[in-house]
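Reader: I'd like to go through some labels one by one and hear the reasoning behind each. Could you show me the model before we start?

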Amino acid sequence: MSVAAAPAAVRSINDPEMIRQINALRQIDNVTNWYYIAREYAFAGCVIGGAILLFETCFTSAWSLLWAVPLVFLVSLCVGATQHRLATFTHEAAHYMLFRNRLLNEFVSEWFCMFPILGGTHGYRVQHIGHHQYPNDPDLDPDWAQLRISGHRFQFPMTTSQFLWHCFFKQIIWWPNLLRYVLARATFKVDMGNGPYKMKRKGALPMRLIGVGYHVALAGVLTACVWTDNVSLMMWLPAAMYVVALAAVIAAPERWFVEYTVKCDIPTRWQTALRYTFNTLLMSGIAWLTLTTGSPWWLYYFLLWMMPIGTSFSFYMILRQLVQHGNADRERFTNTRIFLVHPLIRMAVFPIGNDYHLPHHLFTMVPHYNLKKLHELLLTTQPYQDEATIVPGYFFHDDQPDRHPTVLDLMTHEMKTH
């Protein structure tokens, strides 16, 4: 399906000048993405802070707590979108495009993007390498394997009613579908074939038991300290537990840690230590806030951050992951599309360059803030003009329905192929 009227000058995608211009778009720095990450945290801080203020008002006034129901729903929509964008920054980090410095790239992705949403950068990177190597291959694409596990690998093309029910309304009405999706992503381990994403060592149970045991024990100790109002004990016992847990991580045999063929920039042992540090600071911070203010900060954290992970964040991920490659082939210019949708849909469903997904698959080392420029550059080449598909709406057509399909069109039997 044609994407746009052809510009006057048509070039080859392998033209030397074209390659030079594309290479210029690959420039990465150690500054730009700080702005984007800070913007997400500022937005989330305003939303969550405003919600907590309203909760406190309900607790201290005659307002009914029934106001909490629509409030939590609205906050979940906003926070889930933020979590989706944070996860997309890890997509940039997986391609080493978040920051030019490799250690900074890994640390910021872990600490500010993945640890808050219970994920890990390198595990995602290993899966994503396979996705780019075998896009839409039902046997070798790890993304499709993960969708099968979560029960979201649908048969395409679908009818309109099937798409609306299975991919949209059913996810909202039956919440366990969303939870199953996020749990499948969290626990999915890529170990397929002999590709570059194959595990060299899967790790052993003891390290997992140590992690679970430490976090459960820490939560119990912090809860007891808050419950008994024991400030002195909370000042030293969690810190002592952290030191012991960290020592266990450092002393653990190498065979207790997962290892992939793709080398980690931060070894798994130190990733584990970083995760323990992050979770200890987070849990201790919630406990200290609860103890000093008397407000249920643990409840705020669950309702305003953890609940969106299992609901709206998962929903946005499904709406994106299914349609970026669903009902598409494995060819270079037609295995995914360009989504020029409403700004609110883009913010929640196709954030941080996910709207220009075809240019990303064609040139994976162009950072998200240059993908629009890359798309405009590629429009001057013949194969991109002839084969790439622009999608200007999720459910509704623009003013040229015969030229541009919606997402709904692409997923159903009404889709037109090249």
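What follows is a short back-and-forth on how the labels were reached for this predicted model.

Reader: Let's start with Thr-412. Why is Thr-412 called buried?

Author: Buried means under 20% relative accessible area. Thr-412 has a relative accessible area of 1%, so the label fits.

Reader: Where does Thr-412 sit, and which residues is Thr-412 in contact with, leaving aside neighbours within four places in sequence?

Author: Thr-412 is in the segment after helix 18 (407–411). With those neighbours set aside, Thr-412 is in contact with Pro-157, Met-158, Thr-159, Thr-160 and Asn-327.

Reader: What makes the pairing of the Thr-412 side chain with the backbone oxygen of Leu-408 a polar contact?

Author: The cut-off for a pair of N or O atoms is 3.5 Å, and the side chain of Thr-412 reaches the backbone oxygen of Leu-408 at 3.2 Å. There's also the backbone oxygen of Asp-409, which lies 3.2 Å from a polar atom of the Thr-412 side chain.

Reader: Now Ile-149. Is Ile-149 buried or exposed, and how do you know?

Author: Exposed means over 50%. Ile-149 has a relative accessible area of 54%, so Ile-149 counts as exposed. You'll find Ile-149 in helix 6 (residues 142–150).

Reader: What does Ile-149 touch, not counting residues up to four places away in sequence?

Author: Ala-184 and Phe-188, on that count. As for Leu-183, its C-alpha atom is separated from that of Ile-149 by 9.9 Å, with the two residues 34 apart along the chain.

Reader: On to the helices. What makes helix 3 roughly perpendicular to helix 5?

Author: The label covers angles of 65 to 115 degrees. The axes of helix 3 and helix 5 (residues 121–133) cross at roughly 70° and come within 9 Å, so helix 3 is roughly perpendicular to helix 5. The crossing is right-handed.

Reader: Which residues meet there?

Author: From helix 3, Thr-90, His-91, Ala-93 and Ala-94 meet Thr-121, Tyr-124, Arg-125 and His-128 of helix 5.

Reader: And the largest nonpolar core: which of its residues touch the most other members?

Author: Of its 59 residues, those are Phe-55, Phe-89, Phe-163, Leu-304, Val-323, Tyr-394 and Val-407. Helix 3 (residues 68–94) gives the most to this core, with 10 residues. There's a second, separate core of 19 residues, including Ile-338, Leu-362, Leu-374 and Leu-377.

Reader: What does Phe-89 touch, not counting residues up to four places away in sequence?

Author: Phe-89 touches Asn-33, Tyr-36, Ile-37, Glu-40, Leu-98, Cys-113, Ile-352 and His-368.

Methods. Residues numbered from 1 in each chain as written. Predicted model: local features only at pLDDT ≥ 70, side-chain atom pairs only at ≥ 80, totals over all residues. Heavy atoms only, no water. Core = buried A, V, L, I, M, F, W, Y, C linked by side-chain atoms within 4.5 Å. Buried < 20%, exposed > 50% of the residue type's maximum accessible area, 1.4 Å probe, protein only. Helix = DSSP H or I, 4+ residues; strand = E, 2+ residues; numbered from the N terminus. Contact = heavy atoms within 4.5 Å. Polar contact = N/O pair within 3.5 Å; in protein donor to acceptor, adjacent residues only side chain to side chain. Axes fitted to C-alpha atoms, helices over the stretch in contact; angles between N-to-C directions. Parallel < 35°, antiparallel > 145°, perpendicular 65-115°, else oblique. Left-handed = near helix turned anticlockwise from the far one by under 90°.
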